[in-house]
Amino acid sequence: MDIIRDVLDNQLVDSNQRKLGKVDGIVMELRDGEPPRLTYLETGMTTLARRIHPRLGRWVAAIENSWGAKHSEPFRIPLSKVRNVGIDVEVEIEAEATPALAYEKWLREQIIERIPGAEHGNS
């Protein structure tokens, strides 16, 4: 499998087919005298910005923290939780039980629910 072509930027979906975002980064473990080993997939705006430039990643993390989005750190998914790699990357986790949807929750609580006439609760 070509990790960059087949995994990076693909849609992540949980065990209920709920979207978790895109695979924004790949974490590998470097071991002496052995080939690198894939350990985690990462998702998060900070990881995506860091791919463009490390300074941009730090800037995005600082903005996220100042806006009150409590999860500026990328969400890491262990390789052991990856179930299938196809058009989507299917992982064996529940989206609602992770910080992967922190921005969605923050937007819903801080912006959407404050709009007059907005529906409250999950939609």
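Colleague: Which residue is the bridge partner of asparagine 84 in strand 7?

Modeller: In this predicted model, asparagine 84 has glutamate 90 as its bridge partner in strand 7.

Colleague: And in which sense do strand 6 and strand 7 pair, and over how many bridges?

Modeller: Strand 6 and strand 7 are antiparallel to each other, and their pairing extends over three bridges. The connection between the two strands is a hairpin, which passes through two residues.

Colleague: What stands opposite glutamate 90 in strand 1, then?

Modeller: That is valine 13, which stands opposite glutamate 90 of strand 7. Leucine 12 has a place in this pairing too, since valine 89 of strand 7 stands opposite leucine 12. Strand 1, residues 11-13, and strand 7, residues 88-91, run parallel and are joined by three bridges.

Colleague: How many strands form the open sheet, and in what order?

Modeller: Four strands form the open sheet, the order is 2-1-7-6, and the pairing is mixed. Strand 2 (19-22) and strand 6 (82-85) are at the edges with a single partner strand each, so each of them has one side without a neighbour in the sheet. From one strand to the next, the twist averages 25 degrees.

Colleague: Back to strand 7: which residues are on the covered face, and which on the uncovered one?

Modeller: Val89 and Val91 make up the covered face of strand 7, whereas Asp88 and Glu90 make up the uncovered face. As a general point, side chains in a regular strand alternate between the two faces of the sheet.

Colleague: Changing topic, how many salt bridges does a search of the whole structure find?

Modeller: The search finds six salt bridges in the whole structure. One of them is between aspartate 9 and arginine 51, where the closest N and O atoms are 2.8 Å apart. This pair links distant parts of the chain, with aspartate 9 in the loop between helix 1 (3-6) and strand 1, and arginine 51 in helix 2 (residues 45-52), 42 residues apart.

Colleague: Why do aspartate 9 and arginine 51 count as partly exposed?

Modeller: Partly exposed is the class between under 20% and over 50% relative accessible area. Aspartate 9 has a relative accessible area of 39%, so aspartate 9 is partly exposed, and arginine 51, with 40%, is therefore partly exposed as well.

Colleague: What about arginine 5: buried or exposed?

Modeller: Arginine 5 has 59% relative accessibility and therefore counts as exposed. The side chain of arginine 5 meets that of aspartate 6 in a salt bridge, at 2.8 Å from N to O.

Colleague: Which residue forms a salt bridge with glutamate 29?

Modeller: Arginine 37 does, and the closest N and O atoms of this pair are 2.3 Å apart. Arginine 37 is partly exposed at 40% relative accessibility, and glutamate 29 is also partly exposed, with a relative accessible area of 29%.

Colleague: Now the whole chain: how many helices and strands does the secondary structure come to?

Modeller: There are four helices and seven strands in the chain, and from the N terminus on these elements run α-β-β-β-β-α-α-β-β-β-α.

Colleague: What share of the residues is buried?

Modeller: Of the 123 residues in the chain, 34% are buried. The accessible surface of the chain is about 8,200 Å², and carbon and sulfur atoms account for 55% of that surface. Among the contacts with a separation of 6 or more, 46% are between residues 24 or more positions apart.

Conventions:
Residues are numbered from 1 along each chain as its sequence is written. This is a predicted model: local features need pLDDT of at least 70, side-chain atom pairs count only at pLDDT 80 or more; totals for chains, interfaces and linings use all residues. Side-chain values use heavy atoms; hydrogens and water are left out. Two strands pair if DSSP finds at least two bridges between them. Axes are lines fitted to C-alpha atoms, for helices over the stretch in contact, and angles run from 0 to 180 degrees between N-to-C directions. Buried means under 20% relative accessible area, exposed over 50%, partly exposed in between (1.4 Å probe, protein chains only). Contact means heavy atoms within 4.5 Å. Accessible areas come from the Shrake-Rupley method with a 1.4 Å probe; for residues, only the protein chains shown count as cover. A salt bridge is a side-chain nitrogen of Lys or Arg within 4 Å of a carboxyl oxygen of Asp or Glu.
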